[in-house]
Amino acid sequence: MKTLKAVIVEDSRLARNELKELLASHKEIELIGEAANVDDGFKLITEYNPDLLFLDINMPEKDGFELLEMLDEVPLTIFTTAFDEYAIKSFEYNAFDYLLKPINQKRFSQSIEKVLEKGSNNETSDPKNENALSLDKQIFIKDGEKCWLVKIQDIFMFEIVGNYTRVFFENNKPLIYKSLGRIEEKLPNDIFFRANRQQLININHVKKVVSWFNGKLKIEMNSGEEVEISRRQSYLFKEQLSF
């Protein structure tokens, strides 16, 4: 198995040193950088694209959740925290794992084992679009006080709402302040299809396709949502799916 690259974002130098000592006995993980605040952490992550992120939640100025919101793609994330309420809250964010400070060596090793198992199962990026996120990658979504870490494959539709984009997954429909065009650039183009000017759909979540007016198609998603594909896009949709 390849060595996994890791980054630490933690404002406490003592806590960073503790994590580095614990990592020293795990040669499968290569620490490629550390940061004491969110902005420096963001630069590290966007430059080196790590596989694993050790992230403190409670930091001055900006917290760990704000860092995740800044990222287009979120690595496997292990929250580190000294506060139980944050650890409990992290489950609401679908964190990969969390570690309470001071970190127990046995507990740390268990978390690393989970990371290695997960890392060995990761999919590769879509070869048709080298910049695309693979379906098992996750993105961070924040809408008001609610936050989610969602895998790309679990999102079945994006929809423009004014200056925002609505993201559809499970029974959730949060709004994010990112353009649909920017989102589309990051998605595998053999899986996500631009149905019309307003909507982008995940074809793996399509339940039924029916002919509609004026050469258009109408899509029913597994969720029950209905989407009308424009006349021009209907031709491309049939071509893509070999109808």
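User: Where does Glu-170 sit in the chain?

Analyst: Glu-170 lies in the loop between strand E9 (164–169) and strand E10 (175–176). Helices here are DSSP runs of H or I with at least four residues, strands are runs of E with at least two, and both are numbered from the N terminus. One caution: this is a predicted model, so local features need pLDDT of at least 70, side-chain atom pairs count only at pLDDT 80 or more, and totals for chains, interfaces and linings use all residues. Residues are numbered from 1 along each chain as its sequence is written, while side-chain values use heavy atoms and leave out hydrogens and water.

User: Why is Glu-170 called exposed?

Analyst: Exposed means over 50% relative accessible area, buried means under 20%, and partly exposed is in between (1.4 Å probe, protein chains only). Glu-170 comes in at 63%, so it counts as exposed.

User: What makes the backbone of Glu-170 worth a look?

Analyst: Its phi is positive, about 50°, although Glu-170 is not a glycine. Most residues other than glycine have a negative phi. Asn-214 is another non-glycine with a positive phi, about 55°. Asn-214 is found in the loop between E13 and E14, and at 60% relative accessibility it counts as exposed.

User: How do you know that the bond between Lys-101 and Pro-102 is cis?

Analyst: Look at omega: for the peptide bond joining Lys-101 and Pro-102 it is about -10°, and the bond is cis. Most peptide bonds are trans. Pro-102 lies in the loop between strand E5 (97–100) and H5.

User: Why is Ser-134 called buried or exposed?

Analyst: Its relative accessible area is 3%, which falls under the 20% cut-off, so Ser-134 is buried. You'll find Ser-134 in the loop between helix H5 (105–120) and E6.

User: What makes the link between Ser-134 and Asp-136 a polar contact?

Analyst: A polar contact is a pair of N or O atoms within 3.5 Å; within protein, one must be able to donate a hydrogen and the other to accept it, and residues adjacent in sequence count only if both atoms are side-chain atoms. The side chains of Ser-134 and Asp-136 are joined at 2.8 Å, so the pair passes the distance cut-off.

User: How do you know which group Met-221 and Lys-207 fall into, buried or exposed?

Analyst: Met-221, in strand E14 (residues 217–221), has a relative accessible area of 0%, so it is buried. Lys-207, in strand E13 (residues 206–211), is at 56%, so it counts as exposed.

User: What makes the buried residues of H1 line up?

Analyst: In helix H1 (residues 13–23), the buried ones are Ala-15, Arg-16, Leu-19, Leu-22 and Leu-23. They cover an arc of only 125° around the axis, which puts them on the same side of H1. That arc is taken from the directions running from the helix axis to the C-beta atoms. The face turned away from the buried side of H1 carries the exposed residues Arg-13, Leu-14 and Glu-21.

User: How do you know that the buried residues of H7 share a face?

Analyst: Gln-233, Ser-234 and Phe-237 are buried in helix H7 (residues 231–240). Seen down the axis, the buried residues of H7 fall within an arc of 110°, so they line one face. The face of H7 turned away from that side holds exposed Arg-231, Arg-232, Tyr-235 and Glu-239. An α-helix has 3.6 residues a turn, so residues three or four places apart point the same way.

User: What makes a spot in this model a pocket, and how big is the second largest pocket?

Analyst: On a 1 Å grid over the protein atoms alone, a pocket is an open set of points where a 1.4 Å probe fits, with protein on both sides within 12 Å along at least five of seven lines; lining residues have an atom within 4 Å of a point. The second largest pocket has a volume of about 330 Å³, where volume is the space filled by probe spheres set on the points, and points are joined across faces, edges and corners. Of its 17 lining residues, Glu-69, Asp-72, Phe-140, Ile-176 and Lys-178 are closest to the centre. E6 gives the largest share of this lining, four residues.
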